[in-house]
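Please open the structure in your viewer and keep the selection tool at hand. This tour goes from one stop to the next, saying at each what to select and what is found there.

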Amino acid sequence: MVNHDVVFVGAPIEEGAGRRGCVMGPDAYRTAGLAENLQALGHRVTDIGNLQPEDAHTEKVPNGTVKNFHTVAGWTRSLYKTASELGQKAVFPVYLGGDHALALGTVAGQSLAANRLGKPLFVLWLDAHSDFNTFDTTESGNLHGTPLAFACGLKGFDGLLGHPLSHPVAPRNVEILGVRSIDPKERELLVDCGAGVRDMRMIDEMGIPALLAPFLERVRAANGLLHVSLDVDFLDPGIAPAVGTTVPGGATFREAHLVMEMLHDSGLVTSLDLVELNPFLDDRGMTARLMVDLTASLFGRRVFDRPTRSF
Ligand SMILES: NC(=[NH2+])NCCC[C@H](N)C(=O)O
Ligand SMILES: [Mn+2]
Ligand SMILES: [Mn+2]
């Protein structure tokens, strides 16, 4: 098994979400033993602590709907900078959220880093939502509903970074898995851009391996790097209640672990977001612990060794 140099980056942002509590996410992962679980698998873990948002208060607010623009822009800038630096080193960054707006910075930063390494970045978006709104299409104004559209280079994100996004992710390199809630205007944007959208019905009908294996093959064939963005609401609310945007009918315990196990066996994943954990809504830490166990599966925990790898 490959041993990684794992770097934890805490990003206690909660201003992208509609309700408070994600600020406690990074510490909940620490309390639930994320570092210890990865160390037990043979990895080295360095926790650099929590980042601070930069100051972006001089930017013009894009419109009256968007909420907490300056704070989110500040977080985007500091995460973008950190991700573009870490992405060029021989380390495996794990971004501890924080709401999903943290991916405004992490995905763009990892994409810039991948470009500097001469490789394309692929993104696996594990989420009940596609998070493909722009500042112009968002109905809620909550910016955690926008990061994937921003990462793909869609227009209408002026002022977020303070400069245009130089190395967006190619939408055909994006796979959204487990989705079951898409707003009308974001649906149009998604159809137009050609990102891969695999909804829960496809998981029901085909199962995880038939959906995920072809995507991993594409990443491998392109010699790409793979960023995984895991939103707690990808999981069924029955096993993961600690999230502000639950949608019924999510991934089961075994489906989620199988995704992580296949990702591990592929050896392709180079960075990870753990987002939307709201410990204020948890039931005795069960969601935090499940997220830790899923991350452990991604980093190689298995019940029994198999003689050959199948993906
Ligand atoms: N990361 C999330 N939980 N996103 C939920 C987004 C919900 C909705 N589509 C919105 O834009 O407001
Ligand atoms: Mn999300
Ligand atoms: Mn979501």
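Begin by selecting helix α3, residues 69–86, together with α4, residues 103–116, in this predicted model. How are α3 and α4 oriented to each other? Their axes lie 7 Å apart and the helices pack at an angle of about 30 degrees; because angles under 35 degrees count as roughly parallel, α3 and α4 are described as roughly parallel to each other. If you turn the view so that one helix lies in front of the other, the crossing in which α3 passes α4 is a right-handed one. Two numbers were used here because packed helices are described by the angle between their axes and the distance between the axes.

Next, select a second pair of helices, α8 (residues 208–221) and α9 (residues 253–266), whose axes come within 11 Å and cross at roughly 30 degrees. The angle again falls under the limit of 35 degrees, and α8 and α9 are therefore roughly parallel to each other. The crossing of α8 past α9 is right-handed.

Now hide the helices and show the strands. Which order do the strands of the sheet follow? The open sheet is formed by 8 strands in the order β2-β1-β3-β8-β7-β4-β5-β6, and the pairing is parallel. At the edges are β2 and β6 (196–199), each of which pairs on one side only. Direction ignored, neighbouring strands of this sheet are turned by 15 degrees against each other on average. As background for this view, strands of a sheet pair through backbone hydrogen bonds, either parallel or antiparallel.

Stay with the sheet and select strand β1, residues 5–11, where 5 of the 7 residues are buried, so that the strand is largely enclosed by the rest of the structure. Strand β1 is joined by 5 bridges to strand β2 (residues 44–50), with the two running parallel, and by 6 bridges to β3, again in a parallel arrangement. To see both partners from one residue, select Phe8, which stands opposite Asp47 in β2 and has Val94 as its bridge partner in β3.

Elsewhere in the sheet, select strand β4 (residues 121–126) and strand β5 (residues 174–179), which run parallel and are joined by 4 bridges. Here Leu124 is the residue to pick out, and opposite Leu124 stands Glu175 in β5.

From the strands, move to the backbone of the loops, keeping in mind that most residues other than glycine have a negative phi, and most peptide bonds are trans. Select Gly97 and Gly98, which are joined by a cis peptide bond with an omega of about 10 degrees. Gly98 belongs to the loop between β3 (92–97) and α4 (103–116).

Then select the loop between β8 (269–275) and α10 (286–298), where Glu276 is found. Although Glu276 is not a glycine, its phi is positive, near 80 degrees. Is Glu276 buried or exposed? Glu276 has 33 C-beta neighbours inside 10 Å and therefore counts as buried. Arg284 lies in the loop between β8 and α10 as well, and this residue, also not a glycine, has a positive phi of about 50 degrees. Arg284, however, has 7 C-beta neighbours inside 10 Å and so counts as exposed.

For the next stop, select ligand 1 and the 14 residues that surround it, of which the closest are His100, Ser140, His144, Gly145 and Thr245. Sorted by kind, the residues of this shell comprise 9 polar, 5 charged and no nonpolar ones. Keep His144 selected, since the loop between β4 and α5 (147–151) is where His144 is found. His144 counts as buried, because 31 C-beta neighbours lie inside 10 Å. If you draw a distance from the C-alpha atom of His144 to that of Thr252, which is 108 residues away along the chain, the separation is 23 Å.

Finish by selecting Lys185 in helix α6 (residues 184–193). With 15 other C-beta atoms within 10 Å, Lys185 is partly exposed. From the C-alpha atom of Lys185 to that of Gly141, 44 residues apart along the chain, the separation is 14 Å.

Note on methods
Residues numbered from 1 in each chain as written. Chains lettered and ligands numbered in written order. Predicted model: local features only at pLDDT ≥ 70, side-chain atom pairs only at ≥ 80, totals over all residues. Near = placed C-beta within 6 Å. Nonpolar A, V, L, I, M, F, W, Y, C, P; charged D, E, K, R; others polar. Buried ≥ 20, exposed ≤ 12 C-beta atoms within 10 Å, placed from the backbone. Pairing = 2+ DSSP bridges. Axes fitted to C-alpha atoms, helices over the stretch in contact; angles between N-to-C directions. Parallel < 35°, antiparallel > 145°, perpendicular 65-115°, else oblique. Left-handed = near helix turned anticlockwise from the far one by under 90°.
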